[in-house]
Amino acid sequence: MSANNFTLKGKKKMTNKVKSGDSVTLHYRGTLEDGTEFDSSHDREPMTVSVGSGQLIKGFDSALNGMTEGETKTVTIPATEAYGETNPENVTDVDKDQFPDDFEFTEGRVVPLMGPGGQQFLATITSDTDTTVSMDLNHPMAGKDLTFEIEVLTIGDTDTETDDETTTS
């Protein structure tokens with residue numbers, strides 16, 4: 001019997017790799033192309049997500065696949081796999097009377113809005129007149145390549161074990 005052909009009986013700790021459907025707890029740091037940090041989970045609780053469920057931007061979700069517990073990696077996600085490209089037609093004018101009386105209309109300010117179906121989204125003020133405010137409805141990160149440093153803390157049950165007989169060769 002060679003050393004590479006053996007049978008284990010009983011419990012064996014398995015090496016976990018992230019796959020679709022896994023619950024993953026992680027920390028991340030997001031930066032723009034110029035190195036500016038736009039978000040980080042390191043100053044709050046780690047984030048727990050279900051991989052492949054649509055909770056994350058496509059590129060981040062894809063980057064998690066195949067990672068192992070304790071692994072840290074840095075990935076750059078193109079705009080097309082993040083928040084998409086900027087659509088110059090994705091703008092609207094809103095009557096100022098839709099805002100509170102003391103609202104400050106500042107160009108570049110990001111404002112939470114609610115669509116006709118109740119969905120929430122962010123819009124950016126681009127200009128205003130005496131009666132209306134022009135809003136860019138693209139996500140504030142649209143058109144930007146994003147870099148993330150991702151650290152996988154745990155994958156589902158960190159002590160995944162099997163009681164079955166396992167044969168390796």
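This briefing describes two buried residues and one sheet in a predicted model. Local features are reported at pLDDT of at least 70 and side-chain atom pairs at pLDDT 80 or more, while totals for chains, interfaces and linings use all residues. Residues are numbered from 1 along each chain as its sequence is written, and side-chain values use heavy atoms, without hydrogens and water.

**Asp-61**
- Asp-61 belongs to helix α1, residues 58-64 (helices are DSSP runs of H or I with at least four residues, strands are runs of E with at least two, and both are numbered from the N terminus).
- Asp-61 is buried (under 20% relative accessible area, with a 1.4 Å probe and protein chains only).
- Asp-61 has no salt bridge (a side-chain nitrogen of Lys or Arg within 4 Å of a carboxyl oxygen of Asp or Glu); Lys-58, the nearest side chain of opposite charge, is 9.8 Å away.
- The Asp-61 side chain reaches the backbone nitrogen of Gly-52 at 3.0 Å.

**Val-51**
- Val-51 lies in the loop between β5 (47-50) and α1.
- Val-51 counts as buried because its relative accessibility is 1%.
- Val-51 touches Asp-61, Leu-64 and Val-18, among others, not counting residues up to four places away in sequence (contact means heavy atoms within 4.5 Å).
- Val-18 and Val-51 are 33 residues apart in sequence, with their C-alpha atoms 7.9 Å apart.

**The sheet**
- Four strands form an open sheet in the order β7-β10-β9-β8, with antiparallel pairing (strands pair if DSSP finds at least two bridges between them).
- β7 (91-95) and β8 (110-114) each have a single partner strand, so one side of each is left without a neighbour in the sheet.
- Five bridges join β7 to β10 (residues 132-136), and Val-94 stands opposite Val-133 in β10.

Notes. Buried < 20%, exposed > 50% of the residue type's maximum accessible area, 1.4 Å probe, protein only. Lys, Arg positive; Asp, Glu negative; His and termini not counted. Polar contact = N/O pair within 3.5 Å; in protein donor to acceptor, adjacent residues only side chain to side chain.
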